[in-house]
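Here are some notes to read alongside the structure, written for someone meeting it for the first time. They begin with confidence and then turn to the sheets and helices.

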Amino acid sequence: MGVWEVVDHPEGANVIDSTWAFRIKRFPDGLIKKFKARFCVRGDQQVHGIDFFETYAPVVQWTTVRLMLILEVLLKLKSKQGDITAAFVHADIEEGQNIYVEMPRGFRKQGKVLKLKKTLYGLRQSPRAFWLYLTEKMNLCGMEQSTLNPCLFIGEKVICICYVDDLIFWAIDEDDVDALADQLIAAGVSLEQESDAAGFLGVRMEIDPKTGLMEMKQTGLIDRVIETLGLYIGTTSGKFTPAEAKPLVKDANGEPALGEFSYISVVGMLLYLAGHTRPDIAYAVNCCARYMFCPKRSHELALKRIGRYLKATRDCGLVLNPSKLSKVDCYPDADFAGLYGHENSSDRSCVKSRTGFVITVANCPVLWQSKLQTETALSTMEAEIVALANSDMVTLLGTKVGLPLKETTMNVSIHEDNAGALILAETLPPQFTPRSKHYAIKTIWFREQIVKRKIKLVQTLHLTK
């Protein structure tokens with residue numbers, strides 16, 4: 001592929017070390033797919049302004065992936081997955097840049113180095129260079145890049161999303177996907193096609209042939225979490241809730257962590273799981289993630305509690321059963337100073353409120369979040385206003401994926417259960433305003449969005465026994 005040329009060691013040049021990286025690629029169910037060996041560059045030795053300049057490269061958001069999967073179920077679209085082999089070595093080194101790399105171990109020659117002509121794995125600029133390369137090839141094949149989502153490409157008959165070198169194509173006719181793939185291969189892209197989009201980035205998409213519904217699962221990742229936590233040993237029973245009823249606190253004077261497993265590693269796996277297919281553990285995982293750098297024994301037990309819950313619900317996933325109504329619903333809520341009385345009163349975080357929300361499209365969840373608010377709310381109503389504003393900002397960004405839809409085809413409703421927040425948010429001109437600047441800004445912005453985007457505010461009623 002003409003990735004490099006062997007040259008004499010240049011005097012005074014920054015010659016970057018090289019290394020081998022060995023990796024196991026797995027199927028979504030955890031089984032080994034292939035063993036990979038890559039010749040990589042030590043990008044940490046590059047000098048900014050000499051060896052590289054721009055490095056930013058976007059990837060597709062999972063909100064977009066879930067929205068496209070909803071459309072696949074609704075419109076009965078055909079899907080195919082593609083993988084670009086040795087992706088980064090497709091892109092050229094920018095003109096005028098000279099990057100020298102030590103030859104790989106086992107092939108070294110005295111006084112000789114490699115002068116790169118293509119980008120290699122490990123270079124700081126490689127992801128951006130490949131993204132620009134792929135965008136150019138997509139445009140040559142008639143795929144227009146979305147103005148709102150740079151990793152979404154829309155053609156006359158095909159829609160494609162890309163996450164670095166992993167692609168998913170959708171079309172009404174499968175032959176249109178094959179035609180686009182042939183165009184990309186003819187343009188020089190080493191594209192490998194798979195039969196269908198059954199697994200993407202460790203997430204398995206299963207379609208029920210009888211009902212046509214789709215279920216997103218990560219059983220392989222769940223098994224790795226359970227194994228790392230040691231829950232397969234003995235007869236560890238499952239749990240049917242991911243967290244205890246009481247909040248998880250810092251526990252500064254509590255028993256030290258035993259270190260039976262890597263706390264940071266498990267939290268990382270759980271964050272990936274909660275953000276993709278398991279919104280039911282989002283709150284519990286966020287609580288554990290707050291103490292990654294100084295965990296106590298109580299935090300380890302909280303992680304094990306999540307693991308036992310996953311063990312009991314291992315085969316459960318996110319079911320996409322979209323309705324035929326084109327609507328967006330947002331369900332925000334806030335817990336006003338939920339840690340107060342449980343955490344040390346001298347800790348500022350104990351008076352922070354928590355925002356939680358879920359956004360659905362056609363009655364299917366596409367985005368959810370649970371986190372502490374950055375502001376300190378002075379009342380339940382102020383905490384709810386912050387939750388309303390934050391969820392509305394995410395709704396605005398999350399639902400605009402760049403598909404050619406008219407604004408009138410999508411109805412947006414935000415469901416709120418606090419009467420004071422409803423009055424404060426919906427009244428324009430205002431009858432009263434919040435007491436401080438940051439709440440006033442959020443309130444006025446939210447009021448403007450309700451009018452501008454014709455959002456419907458709906459009061460949520462609590463059921464009583």
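1. The pLDDT is the predictor's confidence in each residue, on a scale from 0 to 100. This is a predicted model, and its chain averages a pLDDT of 83, with 85% of the residues scoring at least 70. Within the chain, confidence is highest in helix H5 (residues 263-276), where the mean is 95, and lowest in helix H8 (residues 380-399), where the mean is 65.

2. One open sheet is built from six strands, which follow the order E8-E9-E10-E11-E5-E12 with antiparallel pairing. Its edge strands are strand E8 (144-145) and strand E12 (191-193), each of which pairs on one side only. Inside this order, strand E5 (residues 78-84) and strand E11 (residues 166-171) are joined in the antiparallel sense by six bridges, and Ser-79 stands opposite Trp-170 in E11.

3. Another open sheet has four strands in the order E13-E14-E15-E16, and its pairing is likewise antiparallel. Here strand E13 (199-200) and strand E16 (318-320) are the edge strands, each pairing on one side only. Two bridges connect E13 with strand E14 (residues 203-207), and these two strands run antiparallel; the partner of Phe-200 in E14 is Val-203.

4. Helix H1 deserves attention in connection with both sheets. On the four-stranded sheet, helix H1 (residues 62-75) lies across E13, E14, strand E15 (214-217) and E16, and runs at about 150° to E15. H1 also lies across E5, strand E10 (158-163) and E11, where it runs at about 150° to E10.

5. How do the axes of helix H6 and helix H7 cross, and at what angle? The axes of helix H6 (residues 282-289) and helix H7 (residues 297-312) come within 10 Å of each other and cross at roughly 155°. Because angles over 145 degrees count as roughly antiparallel, H6 is roughly antiparallel to H7. The crossing of these two helices, H6 and H7, is left-handed.

6. Which residues make the contact between H6 and H7? From H6, Ala-284, Val-285 and Cys-288 meet His-299, Ala-302, Leu-303 and Ile-306 in H7. Sorted by class, this contact of H6 with H7 comprises six nonpolar residues and one polar residue, while no charged residues take part.

Technical notes: Residues numbered from 1 in each chain as written. Predicted model: local features only at pLDDT ≥ 70, side-chain atom pairs only at ≥ 80, totals over all residues. Heavy atoms only, no water. Axes fitted to C-alpha atoms, helices over the stretch in contact; angles between N-to-C directions. Parallel < 35°, antiparallel > 145°, perpendicular 65-115°, else oblique. Left-handed = near helix turned anticlockwise from the far one by under 90°. Contact = heavy atoms within 4.5 Å. Nonpolar A, V, L, I, M, F, W, Y, C, P; charged D, E, K, R; others polar. Pairing = 2+ DSSP bridges.
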